[in-house]
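Me: Please take me through the ligand site and the open and closed spaces of this model, with the criteria behind each term.

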Amino acid sequence: MSKVIISCAVTGAIHTPSMSPYLPITPEEIARSSIEAAEAGAAIIHLHARDPIDGSPTPDPKVFMQFLPTIKQSTDAVINITTGGGLNMTVAERLAAPLVAKPEMCSLNMGSMNFNIAGAVGKRTEWQHAWEKPYLEGTTDFIFRNTFKDIENITRMLGEEHGTRFEFECYDIGHLYNLAYCAEKGWVKPPFFVQSIFGITGGIGPDVRNLMFARETADRLFGKDYVWSVLAAGRHQMSFCTMAGILGGNVRVGLEDSLYLGKGTMAQSNADQVRKIKRILEDLSLEIATPKEAREILSLKGGDMVGF
Ligand code: KMH
Ligand code: ZN
C-alpha cells in the first residue's frame, strides 16, 4: 500500500457565498485556507478563483496571481489549477489562468456532460448576491463542454508545452474509456492520476457498487499505469474517501466538493476536512504522502518549474 495523497479543493465554482460563511472567496482567504490545508496534511491544493467583491467564479489570471505566489512561498504543496473553471465559461476562458501559471498540475475533465447543481438552491430564500440563485438554477440547462478536441488541445497547450500533468476528472465509467482513448492517441502519458467523482447530478451516482466498478474498470483499462483518487459530493465525501483509502486509493476533500464536516455540521475550514480524513486514514494504519512523495508518485515537474 503506497502512501495516501490527500488533495484539497479549497473553493471551487459550485458552492456560492450564501451557502457557507467558511467558503474562501477573496485571494487572501483562498491563500490562507490553502496554506492551512497544506499544513494539515494536504499534498495537493486544487484551486479556482473568485471575484473578491461578489464571490462569483472568475477565470481572470490576475486574480489567480493574487494568491498563487503566496501559497507557493508558504507551503511545499503541489498546486493544481482548474481547467474546468466555472459554469458558463468558454474553454478559452477556462485555460487563461493555467496558461499563465503553468502549474505542476491541472484538472482535466474527461467528457462533456450535464452538470446540474440546481438542487443546491434548496429552501434558501435569502441570497447575499443577485447572481447566486440564477447561477445555480441555470444549471438545469447547462452542458459542461469537454469535447475530445478540447481535451486534445488542453493536453497539448498545457501538457506538451509546459509539462503540466493532469488530475483526470472522471464523473462516469465512460470517462475512463475516454481517458484510455486519449492514452491510445498519445495525448497523455502515465502515470494517470484518475480522480473518480461520485454524486454530481449528471455524473455517476454515489453508490458503493459504482465505486467498486470504477476501480475495477480502471484496473482493467490502465493496469499499473494509473494512480486512483476519489472524491464524492456533499454528504458522501468522507465515506467515499474512507472506502477509497481502504481500496488502496487516494482522496480528495475540500469545500469545493462539500461544505460539511459531518451530518448537520458545517466545516469551518478546509483544514478541518483534511484533518478528519487524515485521522480516519491513519486510524486505518495508512500513511499520508508528503508533497515530495506525491511528486514522485505522479512524476511531477517540481514546484519551481511554474509561472508564478
Ligand atoms: N468540481 C469537481 C466536482 C475542475 O475543477 O476542473 C470537479 C472539478 C473540476 O474540480
Ligand atoms: Zn475544481
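Reply: Of the 14 residues around ligand 1, His48, Thr82, Ser107, Asn109 and Glu256 come nearest. This is a predicted model, in which local features need pLDDT of at least 70, side-chain atom pairs count only at pLDDT 80 or more, and totals for chains, interfaces and linings use all residues. Residues are numbered from 1 along each chain as its sequence is written, chains are lettered from A and ligands numbered from 1 in the order in which they are written, and side-chain values use heavy atoms, with hydrogens and water left out.

Me: What makes a residue one of the 14 around ligand 1?

Reply: A residue is near a molecule if one of its heavy atoms lies within 4 Å of it. The shell around ligand 1 divides into 4 nonpolar, 6 polar and 4 charged residues, where Ala, Val, Leu, Ile, Met, Phe, Trp, Tyr, Cys and Pro count as nonpolar, Asp, Glu, Lys and Arg as charged, and the others, Gly among them, as polar.

Me: Why is the pair between Ser107 and ligand 1 called a polar contact?

Reply: The term requires a pair of N or O atoms within 3.5 Å. A polar side-chain atom of Ser107 lies 2.6 Å from an oxygen atom of ligand 1, so the pair qualifies. The side chain of Asn109 has an N or O atom 2.9 Å from a ligand oxygen, and for His46 the distance is 3.1 Å; these pairs therefore qualify too. Taken alone, ligand 1 exposes 310 Å², and the protein buries 96% of that (Shrake-Rupley method, 1.4 Å probe).

Me: What is the space taken by ligand 1, and what makes it a cavity or a pocket?

Reply: The space is the largest cavity, with a volume of about 250 Å³. On a 1 Å grid over the protein atoms alone, a cavity is a set of points where a 1.4 Å probe fits but cannot get out. A molecule sits in one if more than half of its atoms lie within 2 Å of its grid points. The lining comprises 21 residues, with His48, Asn109, Phe115, Tyr171 and Glu256 nearest the centre; lining residues have an atom within 4 Å of a point.

Me: Why is the space of about 740 Å³ called a pocket instead?

Reply: A pocket is an open set with protein on both sides within 12 Å along at least five of seven lines. The largest pocket is assigned under that definition, so the name marks an open space. Among its 31 lining residues, His15, Ala233, Gly234, Arg235 and Tyr260 are closest to the centre.

Conventions
Points joined across faces, edges and corners; volume = space filled by probe spheres on them. Polar contact = N/O pair within 3.5 Å; in protein donor to acceptor, adjacent residues only side chain to side chain.
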